[in-house]
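Hi,

Here's the structure I promised to pass on. Have a look, and my notes follow below.

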Amino acid sequence: MVLLPTDRMDSLFSPRCVWVNGPIIVGAGPSGLAVAACLREQGVPYVILERADCIASLWAKRTYDRLKLHLPKQFCELPRMPFPDHYPEYPTRAQFIDYLEDYASRFEIKPEFSCTVQSARYDETSGLWRVLTSGDMEYIGRWLVVATGENAESVVPDIPGLGGFGGKVTHVSDYKSGEAYRGKSVLVVGCGNSGMEVSLDLCDHGARPAMVVRDAVHVLPREVLGKSTFELAVLLMRWLPLWIVDKIMVILAWIVLGDLARLGLRRPAAGPLELKETHGRTPVLDCGALAHIRAGDIAVVPAVKRFAKGDQVELADGRVLNFDAVIFATGYRSNVPQWLQGTDFFNKEGYPKTAFPHGWKGQAGLYAVGFTRRGLSGASADAVRIAKDLGNVWREETKPTKRAGACHRRCISVVF
């Protein structure tokens, strides 16, 4: 137990303050759950704050029905608990949510739900973090773990005329199934994994999708000769430099998928792994969309210049096409700059300034997990590091002292 003198406590705490005898974790997605589980293993108490009413709200409420993990399950498991043996190599959305709920149950993780963090700042005078949440509740503690991740807020580009478009406009975070778009022409803005898969889903449900491809993009086969492309890349990187592995991946993609430039999908000059390493841009793993593009079921169009009158959309090449609906598959962003104050550990985009694998620890008890741009495996690696570091500090500070005597400082409530 960390205690403060009575006069210091009176100045810090109001009737709606909670002292946390351990780290305050913000976010109960996979990253926050992983840290909580590892802290429990280290014997460190914590509180975990979550703005939604469930764990992993991105997966539970903001993903489409047909979604599966894009990587084999062994690269997506959280620390200390593998996926069930009966799960397929690429678990479904529902299976992954079940896995996360079982994970929370196994490690007795009980977040404070519907608890939106409005601000968090370090009080240099007291040496404590002060986290203000909805309802004017303030959590105070020695350590803060930022686990809100890379996908906290939806990104919708500001395109001229969008507000006047007459059809339905939505972000992929609100898309569930192509059934609602049956028989309709749909413009999908974005050609990443979500854009490709939503276009495929629309096709399967009888819609007529057109996918916007603004920039060059790497498209790789999900598997080569029955072997995961990602797993193959990881294996090769144990023995070869990144640039050679990149060349191998591009050659394999050309052999398996053919010349995609003819379909309107240009490859970037930099390799897929280099782009992931330097800019966080994930290559697209084809799950069947390319076959529909070749068949003409999915049209590939250039960037949107503006939305014209009614249901018209003007493209960068001058064409004006009519669409019944628009779906933005334009990704997500970190929301850390909106609430974390008084620290330069994160950049203006909401990512740690220090690159992986050293971006998990800042100053004054600040930690970050889920910002590696390396998916669930990166988050899990950082969670283990954070818990180990906090465990060492906790054990050192809670060692019994040789002198025992009466304590004249009043204790403060502890939240686990």
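Which residue follows α4, and what is the sign of its phi? It's Glu108, with a positive phi near 55 degrees.

Some housekeeping: this is a predicted model, with local features needing pLDDT of at least 70, side-chain atom pairs counting only at pLDDT 80 or more, and totals for chains, interfaces and linings using all residues. Residues are numbered from 1 along each chain as its sequence is written, and side-chain values use heavy atoms, leaving out hydrogens and water.

Back to α4 (93–106). Helices are DSSP runs of H or I with at least four residues, strands are E runs of at least two, and both are numbered from the N terminus. Arg93, Phe96, Ile97, Tyr99, Leu100, Tyr103 and Ala104 of this helix are buried (under 20% relative accessible area; exposed is over 50%, partly exposed in between, 1.4 Å probe, protein chains only). Those buried residues sit within a 155 degrees arc seen down the axis, so they line one face of the helix; the arc is taken from the directions from the axis to the C-beta atoms. Ser105 and Arg106 are exposed on the face turned away from the buried side. The cover over the buried residues includes α2, α3 (57–61) and α11.

The largest nonpolar core (buried Ala, Val, Leu, Ile, Met, Phe, Trp, Tyr and Cys joined through side-chain atoms within 4.5 Å) has 55 residues, and Ile25, Tyr99, Tyr103, Ile109 and Leu202 touch the most other members. A second, separate core of 23 residues includes Val18 and Trp129.

Cheers

Technical notes:
Contact means heavy atoms within 4.5 Å.
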